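Visitor: I'm new to this one. Could you take me on a close look at a single part, the salt bridges?

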Amino acid sequence: VQLQASGGGLVQAGGSLRLSCAASGSICGINAMGWHRQAPGKVRELVATITNTGSTNYADSMKGRFTISRDNAKNTVYLQMTSLKSEDTAVYYCNFRCTLPNDYIVGNYWGQGTQVTVSS
């Protein structure tokens with residue numbers, strides 16, 4: 001699976017950005033797409049995920065500000081980010097995870113990352 005992310009950039013605090021990530025290649029039937037982020041000097045952390053059936057999961061600090069969605073026909077996941085804060089500055093990585101029906105992970109893929117910078 002190959003992932004191509006886009007949509008990062010520079011935005012002022014309080015502003016919005018929309019990230020996109022398109023998956024291509026051997027797309028498994030049971031999967032989850034999502035976003036993680038890594039700020040300088042920090043570990044990579046979960047932002048949000050969404051399964052192929054539409055179930056979502058958010059990190060607590062993103063709830064209410066970020067919305068994840070996907071277009072299964074296009075194998076594309078989106079992350080709408082609003083009310084951005086300086087602490088949201090990070091490289092955002094797209095993730096694609098294949099699982100079995102029992103949630104056993106059989107494939108885990110990462111995109112190249114897209115920089116989001118929020119100026120205060």
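Guide: Here is a walk through the salt bridges, with a short stop at the core beside them. Keep in mind that this is a predicted model. The count of salt bridges comes to four. Let's start with Arg37 and Glu45, whose side chains meet at 2.7 Å, N to O. Arg37 is buried, because its relative accessible area is 6%, while Glu45, at 34%, is partly exposed.

Next come Asp88 and Arg65, with their closest N and O atoms 2.7 Å apart. Asp88 sits in the loop between strand 8 and strand 9, and Arg65 in the loop between strand 6 (56–58) and strand 7, so this pair ties together parts that are 23 residues apart in sequence. Asp88 is buried, with a relative accessible area of 0%, and Arg65 counts as buried too, at 11%. Now put the pieces together: salt bridges that share partners join Arg37, Glu45, Arg65 and Asp88 into one network.

Another salt bridge links the side chains of Lys63 and Asp60, at 3.2 Å, N to O. Asp60 counts as exposed, because its relative accessibility is 63%.

Arg65 also leads us to the core. Among the contacts of Met81 are Arg65, Phe66 and Tyr92. Met81 and Tyr92, along with Trp35 and Leu79, have the most contacts inside the largest nonpolar core, which has 31 residues. Strand 9 gives the most to this core, with five residues.

Note on methods
Residues numbered from 1 in each chain as written. Predicted model: local features only at pLDDT ≥ 70, side-chain atom pairs only at ≥ 80, totals over all residues. Heavy atoms only, no water. Core = buried A, V, L, I, M, F, W, Y, C linked by side-chain atoms within 4.5 Å. Buried < 20%, exposed > 50% of the residue type's maximum accessible area, 1.4 Å probe, protein only. Helix = DSSP H or I, 4+ residues; strand = E, 2+ residues; numbered from the N terminus. Contact = heavy atoms within 4.5 Å. Lists of a residue's contacts leave out its neighbours within four places in sequence.
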